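User: I would like to learn how to read individual features of a structural model, going from the general idea to the particular case. Could we work through a few of them together?

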Amino acid sequence: MSRFRVPFVPASEITPEEIYRERRRWLQQAAALGALTAAGPAAIAASGVDESRPDLPGTANARHSVLDKPTSWRDITGYNNFYEFGTDKGDPRRHAGRMVTEPWTVEVAGEVLKPRTFDIDALRKLAPLEERVYRLRCVEAWSMVIPWIGYSLSELLRQVEPTGNAKYVTFETALQPDNMPGVSRGILDWPYVEALRMDEAMHPLTMLVFGLYGKVLPNQNGAPMRLAVPWKYGFKSGKSIVRIRCVEEKPLSSWMIAAPTEYGFYANVNPEVPHPRWSQASERRIGTHILAPREKTRMFNGYGEQVASMYSGMDLRRDF
Ligand SMILES: Nc1nc2c(c(=O)[nH]1)N[C@H]1C(S)=C(S)[C@@H](COP(=O)(O)O)O[C@H]1N2
Ligand SMILES: [Mo]
């Protein structure tokens, strides 16, 4: 990345859209030259990537990447929510090594013409792996920037041919009570289940993830396969998925069952709708200086241009 610079134009002379377009053009050029990858050698060295993990490279997808500086490997893999392993931010890294991820299969069933159980190796090869730098905004008002490796979930759903009755898609996390110390402590209605509307699931930004920073996904981040839905609060992106079902009726997610007034089905990032117990107007970027100002949270986590049309006509205060 150091060989390339965003061309400098005085900010006073250009509109935000022009900045955005210019940067995007630059990104595409850089990507075409193979220069832009968040997991490039310099970035990897700086972020403390665990070099002992197996490689899982992906081709940089500049169109679907943000320009924010990726959060360090240390923070991405050490500050986690994965309640199956406990509620402390360090619990997933401490305990997720016990989760058995081999062998691993993913059942894709329900309202589909071709239900099928996929082996994880087949899933990794189902479509070309891409690297996409996404923002992740947690409902707890912190955020990260993560270079994920994977491809659009639509690639998988197309394979099973959803029927006309398939209106929603559910994602179920593995349940290994003996290996997951958080499960016996209640908290959620296990297994962890999350869901999307079919158009959300088919949106190109909705990503099936197998790796990060060019490495195979660590268990605490949802190995061997998790979801990344960047315009929604982090809890919508289920980890360590074993079952995907296309269904007709709007499903209840584990979080809706646990606290229906706090967590809705859509959970789109929305600075104007506070959580009943705290504001969602700003966020703390993990890994920045303790005195760094909080960032303003953006509607749809900054992905409005790509996703807002899916919600036109909806009252997002009611359908939170
Ligand atoms: N199965 C499962 N998936 C989960 C969670 C969880 O507790 N269990 N936590 C969610 C929340 S609240 C967030 S913010 C993201 C965090 O992902 P990360 O730890 O990879 O950053 O995972 C989501 N997926
Ligand atoms: Mo979260």
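User: With which side chain does the side chain of E262 make a polar contact?

Analyst: Please keep in mind that this is a predicted model. A polar contact is a pair of N or O atoms within 3.5 Å, and in this case the side chain of E262 pairs with the side chain of H275 at 3.1 Å. E262 itself sits in the loop between helix 8 (254-258) and strand 12 (282-285).

User: Is E262 buried or exposed?

Analyst: Buried means under 20% relative accessible area; E262 has a relative accessible area of 18%, and therefore counts as buried.

User: Which residues come nearest to ligand 1, and how are the residues of its shell divided by character?

Analyst: There are 17 residues around ligand 1, of which N80, Y83, E84, S237 and K239 come nearest. The shell divides into seven nonpolar, seven polar and three charged residues. Turning to single atom pairs, a polar side-chain atom of K239 lies 2.7 Å from an oxygen atom of the ligand, a backbone N or O atom of Y83 also lies 2.7 Å from an oxygen atom of ligand 1, and a polar side-chain atom of T173 lies 3.0 Å from a nitrogen atom of ligand 1. Taken alone, ligand 1 exposes 540 Å², and the protein buries 99% of that area.

User: What lines the largest cavity, and what is its volume?

Analyst: The volume of the largest cavity is about 70 Å³, and the structure holds one cavity of 30 Å³ or more. Its lining consists of 13 residues, with L136, A228, V229, P230 and S237 lying nearest the centre. Strand 4 (130-137) and strand 10 (226-228) are the elements that give two or more residues to this lining, and strand 4 gives the most, with four.

User: Where are cis peptide bonds found, and what is omega there?

Analyst: One cis peptide bond joins W190 and P191, with omega about -5 degrees, and P191 belongs to the loop between strand 6 (168-173) and strand 7 (193-197). A cis peptide bond also joins A223 and P224, where omega is about -5 degrees; P224 is placed in the loop between strand 9 (215-216) and strand 10.

User: Which residue in the loop between strand 13 (295-296) and helix 9 (304-307) has a positive phi?

Analyst: That residue is F300, in the loop between strand 13 and helix 9, whose phi is near 55 degrees, a positive value in a residue other than glycine. F300 counts as buried because its relative accessibility is 5%.

Technical notes: Residues numbered from 1 in each chain as written. Chains lettered and ligands numbered in written order. Predicted model: local features only at pLDDT ≥ 70, side-chain atom pairs only at ≥ 80, totals over all residues. Heavy atoms only, no water. Near = heavy atom within 4 Å. Polar contact = N/O pair within 3.5 Å; in protein donor to acceptor, adjacent residues only side chain to side chain. Areas by Shrake-Rupley, 256 points an atom, 1.4 Å probe, with all protein chains shown as cover. Nonpolar A, V, L, I, M, F, W, Y, C, P; charged D, E, K, R; others polar. 1 Å grid on protein atoms, 1.4 Å probe; cavity = no way out; pocket = protein on both sides within 12 Å on 5 of 7 lines; lining within 4 Å. Points joined across faces, edges and corners; volume = space filled by probe spheres on them. Buried < 20%, exposed > 50% of the residue type's maximum accessible area, 1.4 Å probe, protein only.
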